[in-house]
Amino acid sequence: MNLDDIEFRTLDYASDSEMRAYLRRFWDIPLEHNEYFTRRSDSFVDDWIQSARKSEDATNTFSGIALHDKEIVGVHIARRFEEWEQVGVHIAGLWVDPSYRGLGIGRVLKANGETWARSVGATFMNTNVQAGNKRMLSINERAGFKLYRYNLRKRL
């Protein structure tokens, strides 16, 4: 298996099955590193599909996927926002199936997202990473991200 075996493209919002697979993976990302997060129900994902179809398009959302044999093995979602007079893009999630990690899929998805960000006029990107997710911290650092702020949480 190598990177040449992987197809990279954006999500097909017209396909119920592709949307469901994509959003299931997106909403499962925090489960690996976030003790505060619980798995979302199938009805939650179905509602999110309808919401995404109404509000997301190529001008405000990048929904990148990596496929192997027509199965999603990587997802990347980034959203455009405005911060005062600047346009930015927030990376809402990046995930690669554990059996496909180390091939460079995350780097390609991130590069594709950055290309999209430039196309919508963004001058910066930001992302949040769970403190214990050393692999993602490393990927972000290699991609040029710098520490911007700390987000602390206290369990009550």
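A salt bridge is a side-chain nitrogen of Lys or Arg within 4 Å of a carboxyl oxygen of Asp or Glu. The views below come from a predicted model.

**View 1. A salt bridge inside helix H1 joins Arg24 and Asp28.** The closest N and O atoms of the two residues are 3.4 Å apart, which falls within the 4 Å limit and therefore counts as a salt bridge. Arg24 and Asp28 are separated by about one helical turn because they stand 4 residues apart in H1, which covers residues 16-28. Arg24 is buried, at 12% relative accessibility, whereas Asp28 is partly exposed at 21%. The structure holds 9 salt bridges, and further examples follow in the next two views.

**View 2. Glu7, Arg9 and Glu18 belong to a network of salt bridges.** Within this network, the side chains of Glu18 and Arg9 meet with an N to O distance of 2.7 Å. Glu18 is buried, with a relative accessibility of 11%. Arg9 is partly exposed, and its relative accessible area is 31%.

**View 3. Arg79 and Glu56 form a salt bridge between distant parts of the chain.** The N to O distance in this pair is 3.4 Å. Arg79 sits in strand E3, while Glu56 belongs to the loop between helix H2 (42-55) and strand E2; the two residues are 23 apart. Arg79 counts as partly exposed at 25% relative accessibility. Glu56 counts as buried at 13%.

**View 4. Helix H3 has a buried side and a face turned away from it.** H3 runs over residues 105-119 and has 15 residues. From its first C-alpha to its last, H3 reaches 21 Å, close to the 21 Å expected at 1.5 Å a residue. Its buried residues are Ile105, Gly106, Leu109, Lys110, Gly113, Trp116 and Ala117. They lie on the same side of H3 because they cover an arc of only 125 degrees around the axis. Thr115, Arg118 and Ser119 are exposed on the face turned away from the buried side. The buried residues pack against strands E1 (7-10), E2 (61-68), E3 (71-83), E4 (86-96) and E5 (124-127), and against helix H4 (134-142). Just after H3, Gly121 takes a positive phi of about 85 degrees.

**View 5. Trp95 is a buried residue of strand E4.** The relative accessible area of Trp95 is 16%. Leaving aside neighbours within four places in sequence, Trp95 is in contact with Arg25, Ile29, Ile72, Val73, Gly74, Val75, Arg101 and Leu109. One of these contacts, Ile29, is 66 residues from Trp95 along the chain, yet their C-alpha atoms are separated by 6.5 Å.

**View 6. Lys70 and Trp84 have positive phi values without being glycines.** Lys70 lies in the loop between E2 and E3, and its phi is about 70 degrees. Lys70 is exposed, with a relative accessible area of 81%. Trp84 is found in the loop between E3 and E4, with phi near 55 degrees. Trp84 is also exposed, at a relative accessible area of 73%.

**View 7. Leu147, Tyr150 and Leu152 form a nonpolar patch on the surface.** Together these residues have about 450 Å² of accessible area. Leu152, in the segment after H4, counts as exposed at 75% relative accessibility.

Notes: Residues are numbered from 1 along each chain as its sequence is written. This is a predicted model: local features need pLDDT of at least 70, side-chain atom pairs count only at pLDDT 80 or more; totals for chains, interfaces and linings use all residues. Side-chain values use heavy atoms; hydrogens and water are left out. The expected span of a helix is 1.5 Å times one less than its number of residues. Buried means under 20% relative accessible area, exposed over 50%, partly exposed in between (1.4 Å probe, protein chains only). The arc is that of the directions from the helix axis to the C-beta atoms. Contact means heavy atoms within 4.5 Å. Patches are made of residues with over 30% relative accessible area and no salt bridge: like charges are joined within 9 Å, nonpolar side chains (Val, Leu, Ile, Met, Phe, Trp, Tyr) within 5 Å. Accessible areas come from the Shrake-Rupley method with a 1.4 Å probe; for residues, only the protein chains shown count as cover.
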